[in-house]
Amino acid sequence: MSSNELKNILDDLDKGSFDSVASATLFALKDDCSFPDVYQITIALYGIVDSVHLQRVKRGIIAEPSQQALALRALASFMPFWLGRSVYAARMINTLTSRWPIIREWLLFLGTEYVFKESIDRSMRILAKLAIVDFLGICRHDMLGDSLPVVLSSPGIVSLLFSLWDLETKDRHFSSCVHDDIVLGPLPIIRTPAILDSWMCSFSETETWNWHEIMGPFNNDGAMIAVTALDHLEHDLAQHPIDYDLLIWDIHLLTSLSVNSTIRIPLLMQHSMQKTAGVITTMVSQRAHCNKQRHLVAKTISFACWYIRAYVEDTDGLPWITEVLEAGLLPSLLAIEPWVRHLKDNNDEDWEPLWLLLSNIFPKYAIFRSVLKVMGRSIKAVNAVKAVDRPKPGGPMHKHWSTLEALVMTRLDLLETDDVDEAHVESCQSSKCNKSGAAGTFKRCAGCLHVHYCSRECQIYDWKQGGHQTYCRGIQARRAKGIMSRISTRDLRFLDRIIASDLSYHNERISKTAAIHAPGPAVVEIDYTRIPFCIGVGSTEKFPVPDTCKCDKLMQQKWDTMVELARNSKTPGQKLLIRAFIPCGSAPKVKLQLIPVKRIIPGYDPSQDHDTAEASDTFDHLYSCAGISFTIVDHSYPVETLRLMNKDMDALAIEGKEDTTDPAQSA
């Protein structure tokens, strides 16, 4: 009876019956259906989507390709089971790849002539979209293995799926979260973000991203891709009930797309950090013991932590650190502890980003006033609420939270001190001058906003002779692309206070070591990019200028200038050369200072220091990288990153040649 039933189904398929596609699908999904029978159905369904039927549709002989769309969905419904069985997988894959050229034509045709044509009946457009997505759902690495490149290298296919992904946000009728009863066939078999995420993972394994196809539907505009990606995340987070798998795919896709800086920077500028922090807040607001999908909730939290950890230190780091903290991330991270044990694999690496955020990344940025204020408010608020479950001693989060809390509370004492009598210095950056004076007495370069000059003559000299032209244009180009932001004056002043406080705290050690090298200058090197921060004291020979950045030699020049000023000082007393490394994400910054040793002695009162000659023996400069640096994630994909970086560097070079504006004209 079964063979007669199958024969009738196949005959009806050949006659163009819509119902026969559903019958064939149900037959193939039977538990007792043999592989030979399934293979017959497979060949018959492929026969409906051949070149002959495609020409009939194009000529209008077949009014609508509904049967063909249903056939593609039918194949997507039962093929995964057989592709997962090694005995039969090879035959099914060979059948698919041998027919792939015409299948590709069908998929592109359905997209161009139906999905994206508003004049077509909406139900047919949605059916065509479902057919494309469901069939491409088979075309993943876990299904096709080494045959997947055949699909991914086919012109138009990657662009087609990204176009459908974009359409889902522009017209919610096409969203995978919505099912229209007037559309033939079952609910969506697979979601678009799941396929895209799988493909992006395949690209990452071989570092062969097809950016032309990925960005084509968005007119090569990374900002448009960013809008679509974040729309998906916000839409899926707002669903009731939440589909946690969708959130996981959304966040992982964000992370994968961010490998390309032309997408990453717009994502950051469109508040992807804040929105991902919002995902964590929503997840931890649930009760772990009440949620039957707690392993998926834990995975969503873990993926969100990975995204934030990966890119929160991008560019200068400071804007995104501030953004996630102001979004309330600290209390949310504290509430993650009950979820930590619910990941299925219980892999320590899954929560590594969480530990790093709490005990390394956030503490580093506590040297900035703007960050410290927000963290201080958050921690005080947490401590004020008795109902908050604090990390338990011996628990996975206790030591990480304690590290952050202790450092922040210590630094808050500095935040509350009066800074009226603090001495802040600015130095003329012209190599023929190097004069220093009280902050506010010099003019700042209007181009880079980094350096100061005592006169127009000094600025013009440094622009033409001192190498500032290259540095300034590099900084402006980075800032124009959103790669760099400016540190506020209040943050810089507070940084001076941090340095002064740490020098004073270690004054005995510094003074003792400095005395060994007297009367020559001593070097103090402070590394605030590490937790706990490191401080070293020695001679100029022991601490030569480090090779922190190969993009230019500016810091080397400034350091040599400071050494010469210290050695040729005409005022009494030994001098200190201070070099402080500042955490600024992927844009390295170094604070350079030259001061008298007496300033680190406890009780030093700058208001009683009237030696005006000493101004010529001080120096202050904040060096910032003017090139392009690696992010944390970039190190995972060095080949692709270097290719994209070289492209960006070429673009910056062209912009620099075309830009003839002299910032000296607008000091």
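## Nonpolar cores and salt bridges

Apart from residues within four places of it in sequence, isoleucine 214 contacts Val158, Phe162, Met200, Phe203, Trp209, Ile225 and Leu257. These contacts, like everything described below, come from a predicted model.

**The nonpolar cores**

Ile214 also appears among the best-connected members of the largest nonpolar core, which holds 176 residues. Together with Phe135, Trp199, Ile336 and Phe362, Ile214 touches the most other members of that core. The greatest contribution to this core comes from helix 6, spanning residues 86-115, which supplies 12 residues. A second core, separate from the largest, has 30 residues, including Phe442, Met562, Ala566 and Leu592.

**Salt bridges**

Side chains of opposite charge can pair when their charged atoms come close. In this model the count of salt bridges comes to 15. Three of the pairs are set out below, with the separation of their closest N and O atoms.

| Acidic residue | Basic residue | N to O separation |
|---|---|---|
| Glutamate 113 | Lysine 117 | 2.9 Å |
| Aspartate 314 | Arginine 264 | 2.7 Å |
| Aspartate 316 | Lysine 589 | 2.6 Å |

Consider the pair formed by glutamate 113 and lysine 117. Glutamate 113 has a relative accessibility of 29% and therefore counts as partly exposed. Lysine 117, at 35% relative accessibility, is likewise classed as partly exposed.

The salt bridge between aspartate 314 and arginine 264 has a wider reach along the chain: aspartate 314 sits in the loop between helix 17 (294-311) and helix 18 (318-326), whereas arginine 264 belongs to helix 15 (residues 261-269), so the pair ties together parts that are 50 residues apart in sequence. Aspartate 314 is buried, its relative accessible area being 2%. Arginine 264 counts as buried as well, with a relative accessibility of 6%.

Aspartate 316 lies in the loop between helix 17 and helix 18, and its partner lysine 589 lies in strand 8 (residues 589-596). This salt bridge links distant parts of the chain, 273 residues apart. Are its two ends buried or exposed? Aspartate 316 is buried, because its relative accessibility is 1% and the cut-off for burial is under 20%. Lysine 589 is also buried, at 2% relative accessibility.

Beyond these individual pairs, Asp496, Lys591 and Asp620 are joined in a network of salt bridges.

Note on methods:
Residues are numbered from 1 along each chain as its sequence is written. This is a predicted model: local features need pLDDT of at least 70, side-chain atom pairs count only at pLDDT 80 or more; totals for chains, interfaces and linings use all residues. Side-chain values use heavy atoms; hydrogens and water are left out. A nonpolar core is a set of buried Ala, Val, Leu, Ile, Met, Phe, Trp, Tyr and Cys residues joined through side-chain atoms within 4.5 Å. Buried means under 20% relative accessible area, exposed over 50%, partly exposed in between (1.4 Å probe, protein chains only). Helices (H or I, at least four residues) and strands (E, at least two) are DSSP runs, numbered from the N terminus. Contact means heavy atoms within 4.5 Å. A salt bridge is a side-chain nitrogen of Lys or Arg within 4 Å of a carboxyl oxygen of Asp or Glu.
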